[in-house]
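Biologist: Could you pick a single part of this model and take a close look at it with me? I'd like to know what sits around it, in plain words.

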Amino acid sequence: MAIKIRLARAGTKKRPFYRIVAADSRMPRDGRFIEKLGTYNPLLPKDSEDRVRMDVERVQHWLSQGAQPTERVTRMLEAAGLREKQARNNPKKAQPGQKAQERAEERAAKAAAPAEEPAEG
């Protein structure tokens, strides 16, 4: 049985609230879970202590049992000091799309064309 430490959504429409849970990876996101490990309230300010609350001992227990945290939970664990920070690299994120690159090349070609012609005088 593959265990994941992940977020389970609660709260109402447009007012999200999440539980940090240990769950079987085959269960639905908001479905059955094994144990509630904490809470996450994204509506609170980032510097608020109540934004992320978790039972550190139980999280460490599940990690020692082989539970895999999701990407978002991993970032929370890094902020809490339970995991070392991993280097993240997405070099394509800052690049414009293919069509935007083509338009930029066309503009560069048009700008270079008049500069190449000698001025008559």
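Modeller: Let's look at strand S3 and then work outwards from there. A quick word on the ground rules: this is a predicted model, where local features need pLDDT of at least 70, side-chain atom pairs count only at pLDDT 80 or more, and totals for chains, interfaces and linings use all residues. Residues are numbered from 1 along each chain as its sequence is written, and side-chain values use heavy atoms, with hydrogens and water left out.

S3 covers residues 35-40, and five of its six residues are buried, so the rest of the structure largely encloses this strand. Buried here means under 20% relative accessible area, while exposed means over 50% and partly exposed lies in between (1.4 Å probe, protein chains only). Strands (E, at least two residues) and helices (H or I, at least four) are DSSP runs, numbered from the N terminus.

Who are the neighbours of S3? On one hand there is S2, residues 15-24, which pairs with S3 in the antiparallel sense over five bridges. Two strands count as paired if DSSP finds at least two bridges between them. S3 also pairs with S4 (residues 52-54), again antiparallel, over three bridges. Tyr40 is a handy residue to follow: Tyr40 is the bridge partner of Tyr18, and in S4 Tyr40 has Val52 as its bridge partner.

Zoom out a little and you get an open sheet of five strands with mixed pairing, in the order S4-S3-S2-S1-S5. S4 and S5 (68-69) stand at the edges with a single partner strand each, so one side of each has no neighbour in the sheet. At the S5 end, two bridges join S1 to S5, and these two run parallel. There, Lys4 stands opposite Gln68.

Now back to S3, and to Leu37 in particular. If you skip its neighbours within four places in sequence, Leu37 is in contact (heavy atoms within 4.5 Å) with a list of residues that includes Ile5, Ile20, Val21, Arg53, Arg58, Val59 and Trp62. Leu37 also belongs to the largest nonpolar core, which has 15 residues; Ile5, Leu7, Ile20, Leu37 and Trp62 are the ones touching the most other members. A core like this is a set of buried Ala, Val, Leu, Ile, Met, Phe, Trp, Tyr and Cys residues joined through side-chain atoms within 4.5 Å. S1 (3-12), S2, S3, helix H1 (56-64) and helix H2 each supply at least two residues of it. As background, nonpolar side chains tend to be buried together in soluble globular proteins.

H2 deserves a stop too. Val73, Thr74, Met76, Leu77 and Glu78 in H2 are buried, and what covers the buried residues of H2 includes S3, along with S1, S2, S4, S5 and H1. Right after H2 comes Gly81, with a positive phi near 85 degrees.

For contrast, try two loop residues. Glu84 sits in the loop between H2 and helix H3 (98-116), and with 65% relative accessibility Glu84 counts as exposed. Ten residues separate Glu84 from Thr74 in sequence, and their C-alpha atoms are 9.6 Å apart in space. Lys14 lies in the loop between S1 and S2 and, at 71% relative accessibility, is exposed. Lys14 has a positive phi of about 65 degrees although it is not a glycine.
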